[in-house]
Amino acid sequence: QDGEVVSTQYRVHPIDSRLPEDYQTLNMLEPYLREMNQQLDLRRVLAYAPKTIPRYGKITGDSALGDLVSKAMRARRGVETDFALTNSLGIRADFSPGPIAEELLFNVFPFENYVTKMMMSGKEIIEMLDFVAQRSASRGCQSQVQVDGIRFKMHCLLDEPTGSWVDEVYVGGRLEDGRYVG
């Protein structure tokens, strides 16, 4: 109050079905909801998950949902690249067992991201993967990316590896002297 902290006590209020509706907020949001519902069928079922599809892997950071996302990016019409890579932290929720409705996609991918297609040399790919491995080192060697069409070995458990943070890089099965040649 007036620039001073008057209390450090708080109580968490979950925003769920137990919270009464605020009709003033509902009235304000109504035109937006109507427009969104005209453009999207959020209840439309797109797929079915027989079991949980997790966004995080148990050991390496590589996950089933991350594999699905990067595979979809790579196969997207107009993209069709040798490999795809996406930030692990951009995937924000698991797919729970059961129907996967369009609305759930907004929980899993809440950001307005775009797929970007790039031409990269082998050297640039190694530099990018070195950056990934270095960032992953600070997080217990949990990969900070999800990939499809590329495999590589990270040396992120070392304090400072000699040379590159990665080796055994495979893109489309092409490997020469332990490195992708492109």
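This briefing walks through the fold, the strands, a few residues and the salt bridges of one protein chain. The model is predicted, so local features need pLDDT of at least 70 and side-chain atom pairs count only at pLDDT 80 or more, while totals for chains, interfaces and linings use all residues. Residues are numbered from 1 along each chain as its sequence is written, and side-chain values use heavy atoms, with hydrogens and water left out.

**Overall picture**

- The protein chain has 4 helices and 6 strands; helices (H or I, at least four residues) and strands (E, at least two) are DSSP runs, numbered from the N terminus.
- Reading from the N terminus, the elements come in the order α-β-α-β-β-α-α-β-β-β.
- The radius of gyration is 22 Å, well over the 16 Å that the globule rule gives for 182 residues, so the chain is more spread out than a compact globule. That radius is taken over C-alpha atoms, and the globule rule is 2.2 Å times the number of residues to the power 0.38.
- Along the principal axes, the C-alpha atoms fill a box of roughly 65 × 50 × 30 Å.
- Of the 182 residues, 28% count as buried. Buried means under 20% relative accessible area, exposed means over 50%, and partly exposed is in between (1.4 Å probe, protein chains only).
- Take the contacts (heavy atoms within 4.5 Å) between residues at least 6 apart in sequence: 57% of them join residues at least 24 apart.

**Surface**

- The accessible surface comes to about 13,700 Å², and 53% of that belongs to carbon and sulfur atoms. Such areas come from the Shrake-Rupley method with a 1.4 Å probe; for residues, only the protein chains shown count as cover.
- M28, L29, Y32, L33 and M36 make a nonpolar surface patch of about 500 Å². Patches are made of residues with over 30% relative accessible area and no salt bridge, with like charges joined within 9 Å and nonpolar side chains (Val, Leu, Ile, Met, Phe, Trp, Tyr) within 5 Å.
- One of the patch residues, M36, sits in helix α1 (residues 23-39) and is partly exposed at 33% relative accessible area.

**Strands β2 and β4**

- Strand β2 (residues 84-87) pairs with β4 in the antiparallel sense over 4 bridges; two strands pair if DSSP finds at least two bridges between them.
- A84 has D148 of β4 as its bridge partner.
- Strand β4 (residues 145-148) is covered on both faces, with V145 and V147 buried on one side and Q146 and D148 buried on the other. In a regular strand, side chains alternate between the two faces of the sheet.

**Around W165 and D130**

- W165 lies in the loop between β5 (150-154) and β6, and W165 is buried at 8% relative accessible area.
- The C-alpha atoms of W165 and L129 are separated by 7.7 Å, though these residues are 36 residues apart along the chain.
- D130, in helix α4 (residues 122-137), counts as buried at 16% relative accessibility.
- Leaving out residues up to four places away in sequence, D130 touches S164, W165 and V166.

**Positive phi values**

- Most residues other than glycine have a negative phi.
- D2, in the segment before α1, has a positive phi near 50 degrees and is exposed at 78% relative accessible area.
- E168, in strand β6 (residues 166-171), also isn't a glycine and has a positive phi of about 50 degrees.

**Salt bridges**

- The count comes to 7 salt bridges, each being a side-chain nitrogen of Lys or Arg within 4 Å of a carboxyl oxygen of Asp or Glu.
- R34 bridges to E30, with the closest N and O atoms 2.5 Å apart. The two are 4 residues apart in helix α1, so about one helical turn separates them.
- R44 and E102 meet at 2.9 Å, N to O. This pair links distant parts of the chain, 58 residues apart: R44 is in the loop between α1 and β1 (45-49), and E102 is in helix α3 (residues 102-108). R44 is partly exposed at 43% relative accessibility, whereas E102 is buried at 12%.
- K153 and E168 meet at 3.8 Å, N to O. K153 lies in strand β5 and E168 in strand β6, so this salt bridge ties together parts 15 residues apart in sequence.
- K71, R74 and D148 are joined into one network by salt bridges that share partners.
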